[in-house]
Amino acid sequence: RSFVLVSAALSIVVISANSAFATIITFTGGSLSAGNSLGAGTPYVESGYTFSVSGGSANVNAASIQFADDFLVFTEPASITLTGTGLGLSAFNLNFFNFGGTLAGNFTVTGNKTGGGAFAPLVLSADTTFKSASAIGWTDLSSVVFSTTSLGTGLKLGLDNVTVEAFTPAAVPEPATASILGLGTMIGAFCQYRRRKRAAAT
């Protein structure tokens with residue numbers, strides 16, 4: 001049983017306004033080439049982002065997850081963990097990804113937060129046309145887990161165009177800066193009070 005996934009036609013980049021420095025992982029030119037398998041101890045690295053087999057069960061450790069036609073193919077039930085460790089990132093954002101295939105069961109995506117806890121998982125169904133899971137908006141992630149629990153005999157799932165970016169915390173004014181801003185506000189309020197008082201006197 002076979003299937004054809006055409007990801008090139010759906011390489012739609014839907015990036016949020018603050019994603020000028022986003023990275024699109026296309027599974028081309030990374031640490032493994034087309035036809036190679038991703039297994040325990042053999043991660044895939046592209047642009048500093050790392051995909052590793054995780055989970056610990058026999059099925060996961062023995063998973064045959066191949067790169068064909070420039071996308072990642074799950075050919076057995078498995079969990080793949082995405083991190084930014086290759087870039088030394090402690091946190092990153094997930095904007096969107098494309099997926100499709102002949103899948104029996106659920107395709108689940110979980111975003112783990114750096115401060116603990118996780119976003120509500122995405123539970124997706126797939127067909128032979130690539131779909132785009134866009135505008136996800138997960139920020140400050142320590143990892144993202146892509147997992148399949150049941151593929152069925154001869155069935156496959158493809159993943160492509162995973163769009164991520166480094167997480168940038170909101171700037172917090174230094175105490176000295178905050179004090180100066182507060183003093184400036186007080187002076188402005190006092191000057192406005194003096195002007196009103198003079199105007200009332202005349």
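This is a short talk on the strands, the nonpolar core and a few individual residues of a predicted model.

Hi everyone, and thanks for having me. Let me start with confidence. The chain averages a pLDDT of 75, and 65% of the residues score at least 70. Where is confidence highest, and where is it lowest? Strand E1 is at the top with 94, while helix H1, residues 58-61, is at the bottom with a mean of 41. Over residues 57-62 the pLDDT is below 50, and this stretch has twelve contacts in the model beyond near neighbours in sequence. Residues 1-19 also stay under 50, and there the model has 38 contacts beyond four places in sequence. Where pLDDT is low, the predicted coordinates should not be read in detail. I'll leave those two stretches alone, then.

On to the core. The largest nonpolar core has 33 residues, and the members that touch the most others are Phe51, Leu82, Phe97, Phe146 and Val162. Which elements give two or more residues to this core? They are strands E4 (49-54), E5 (65-68), E6 (71-74), E7 (78-83), E8 (92-102), E9 (107-113), E12 (138-148) and E13 (156-166). Take Phe51 as an example: leaving out residues up to four places away in sequence, its contacts include Leu82, Phe146 and Val162. Phe51 also touches Ile25, Phe27, Leu38, Pro43 and Tyr44, as well as Ile80 and Thr81.

Now please find strand E12. Eight of its eleven residues are buried, so E12 is largely enclosed by the rest of the structure. Which way do its partners run? E7 pairs with E12 in the antiparallel sense over five bridges, and here Thr81 stands opposite Val145. E9 is antiparallel to E12 too, with seven bridges between them; Gly111 has Val144 as its bridge partner. E8 and E12 also run antiparallel, joined by two bridges, and in that pairing Leu94 is matched with Trp138.

E12 has a backbone detail I enjoyed as well. Asp140 lies in this strand, and its phi is positive, about 55°, although it is not a glycine. With a relative accessible area of 26%, Asp140 is partly exposed.

There is a second residue of this kind. Phe27 has a phi near 60°, again a positive value in a residue other than glycine. Where does Phe27 sit? You'll find Phe27 in the loop between strand E1 (23-25) and strand E2 (37-38). Is Phe27 buried or exposed? Its relative accessibility is 3%, so Phe27 counts as buried. You have met Phe27 already, as one of the residues that Phe51 touches.

Next, a polar residue in strand E8, namely Asn98. Asn98 counts as buried because its relative accessibility is 0%. What does its side chain contact? The side chain of Asn98 makes a polar contact with the side chain of Ser132, at 3.5 Å.

My last stop is Asp127, in the loop between strand E10 (122-124) and strand E11 (131-133). Asp127 is partly exposed, at 33% relative accessible area. Which residues does Asp127 touch, apart from those up to four places away in sequence? They are Gly100 and Gly101. Asp127 and Phe99 are 28 residues apart along the chain, yet their C-alpha atoms are separated by 8.7 Å.

That's my tour. Thanks for listening, and I'm happy to rotate the model for anyone who wants another look.

How values were computed
Residues are numbered from 1 along each chain as its sequence is written. This is a predicted model: local features need pLDDT of at least 70, side-chain atom pairs count only at pLDDT 80 or more; totals for chains, interfaces and linings use all residues. Side-chain values use heavy atoms; hydrogens and water are left out. A nonpolar core is a set of buried Ala, Val, Leu, Ile, Met, Phe, Trp, Tyr and Cys residues joined through side-chain atoms within 4.5 Å. Buried means under 20% relative accessible area, exposed over 50%, partly exposed in between (1.4 Å probe, protein chains only). Helices (H or I, at least four residues) and strands (E, at least two) are DSSP runs, numbered from the N terminus. Contact means heavy atoms within 4.5 Å. Two strands pair if DSSP finds at least two bridges between them. A polar contact is a pair of N or O atoms within 3.5 Å; within protein, one must be able to donate a hydrogen and the other to accept it, and residues adjacent in sequence count only if both atoms are side-chain atoms. pLDDT is the predictor's confidence in each residue, from 0 to 100.
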